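Please open the structure in your viewer and keep the selection tool at hand. This tour suggests what to select at each stop and then describes what is there.

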Amino acid sequence: MFNLSPMYRRSTGRITTVSDDLMRVDIKIPLSYKNKNYVGTMFGGSLFSATDPIYMIQLMQILGNDYVVWDKASTIRFKRPVTRDAYAVFSFSQEEITAMKQAVLDHGETDIVKLLLITDKKEMVFSEVEKTIYVASKSYYKEKRNRKRDLQR
C-alpha cells in the first residue's frame, strides 16, 4: 500500500520486496519520462526522494510504539549519471537493532548512520546516500521536549 501513497508515488520509486520481519526493503526507481532531466538521465531529486522515507518508516515498524524515530540528516553523493532503472536495498541486521535498543536504554536516544547504495542491480553504483536517523525512547523524547519548551518560556 505504501506505493499508493501520493507522497511516495511522486518520487517515482516503487517498493518491490519487503521481508516478513521488515528488516529488508527493496526498491526500484524506473527511468521514465517522469524523472528524466534535461540531458536524458535520471533527475537526482527522484533518486533522493525515492530513498528518503524508507529507513525511518522501516525502523518505526521494527521498533514499535515505545520508540520515536525521525530522519535527522541526509546526504547524497552522485557517482555517475543514471541511464537505466536504479535499485536500492534497505536492510538492518538483528545486531544493529539490538545495539540501537541498548544505546537508547543507556542514553535515552541515539543517532544511527546508514549508507545506502543506489545501483543498477549489479555492480554499478550511481549514488551513495548517507542517512542519519534519530531514535529515542518515547518517554525520553517527551521529557526532552518538555524541558526544551520550559526553557523557551
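**A helix and its charged patch**

Begin by selecting Arg149, which belongs to helix α5, the run of residues 138-152. Bear in mind throughout that you are looking at a predicted model. Arg149 has a relative accessible area of 40%, so it counts as partly exposed. Now add Lys138, Lys142 and Arg145 to the selection, and you will have the residues that, together with Arg149, form a positive surface patch.

**Salt bridges between separate parts of the chain**

The structure contains 11 salt bridges in total, and the next stops visit some of them.

Select Glu128 and Lys79, whose closest N and O atoms are 3.8 Å apart in a salt bridge. Glu128 sits in strand β6 (residues 125-137), while Lys79 sits in the loop between β3 (67-78) and β4 (86-91), so this pair ties together parts that are 49 residues apart in sequence. Is each partner buried or partly exposed? Glu128 counts as buried because its relative accessibility is 18%, and the cut-off for buried is under 20%. Lys79, with a relative accessible area of 45%, is partly exposed.

Move on to Asp120 and Arg84, and display their side chains, which meet in a salt bridge with an N to O distance of 3.3 Å. Here too distant parts of the chain are linked, since Asp120 is in the loop between β5 (109-119) and β6 and Arg84 is in the loop between β3 and β4, 36 residues apart. Asp120 has a relative accessibility of 13% and counts as buried, whereas Arg84, at a relative accessible area of 35%, is partly exposed.

Next, select Lys114 and Glu96, where the side chains meet in a salt bridge at 2.8 Å, N to O. This pair links strand β5, which holds Lys114, with helix α4 (residues 94-107), which holds Glu96, and the two residues are 18 residues apart. In this pair Lys114 is the buried partner, with a relative accessible area of 10%, and Glu96 is partly exposed at 29% relative accessibility.

Before leaving the charged residues, select Asp52, Asp71 and Lys131 together, and you will see residues that are linked in a network of salt bridges.

**An aromatic cluster**

For the last stops, turn to the aromatic rings, of which the structure holds 3 pairs. Select Tyr55 and Phe90, which form an edge-to-face pair with 4.9 Å from centre to centre and 75 degrees between the planes. Tyr55 is in helix α3 (residues 54-63) and Phe90 is in strand β4, so that distant parts of the chain, 35 residues apart, are linked by this pair. Tyr55 is buried, with a relative accessible area of 2%, and Phe90 is also buried, with a relative accessible area of 0%.

Keep Tyr55 selected and add Phe92, because these two residues also form an edge-to-face aromatic pair, with 5.4 Å between the centres and 70 degrees between the planes. Phe92 lies in the loop between β4 and α4 and Tyr55 in helix α3, so the pair ties together parts that are 37 residues apart in sequence. Both Tyr55 and Phe92 are buried.

Finally, show Tyr55, Phe90 and Phe92 at once, and you will have in view the residues that form one aromatic cluster.

Notes. Residues numbered from 1 in each chain as written. Predicted model: local features only at pLDDT ≥ 70, side-chain atom pairs only at ≥ 80, totals over all residues. Heavy atoms only, no water. Patch = residues over 30% accessible without salt bridge, like charges linked within 9 Å, V, L, I, M, F, W, Y side chains within 5 Å. Areas by Shrake-Rupley, 256 points an atom, 1.4 Å probe, with all protein chains shown as cover. Salt bridge = Lys/Arg side-chain N within 4 Å of Asp/Glu carboxyl O. Lys, Arg positive; Asp, Glu negative; His and termini not counted. Charge placed at Lys NZ, Arg CZ, Asp CG, Glu CD. Helix = DSSP H or I, 4+ residues; strand = E, 2+ residues; numbered from the N terminus. Buried < 20%, exposed > 50% of the residue type's maximum accessible area, 1.4 Å probe, protein only. Phe/Tyr/Trp six-rings, centres within 6.5 Å; stacked < 30°, edge-to-face > 60°.
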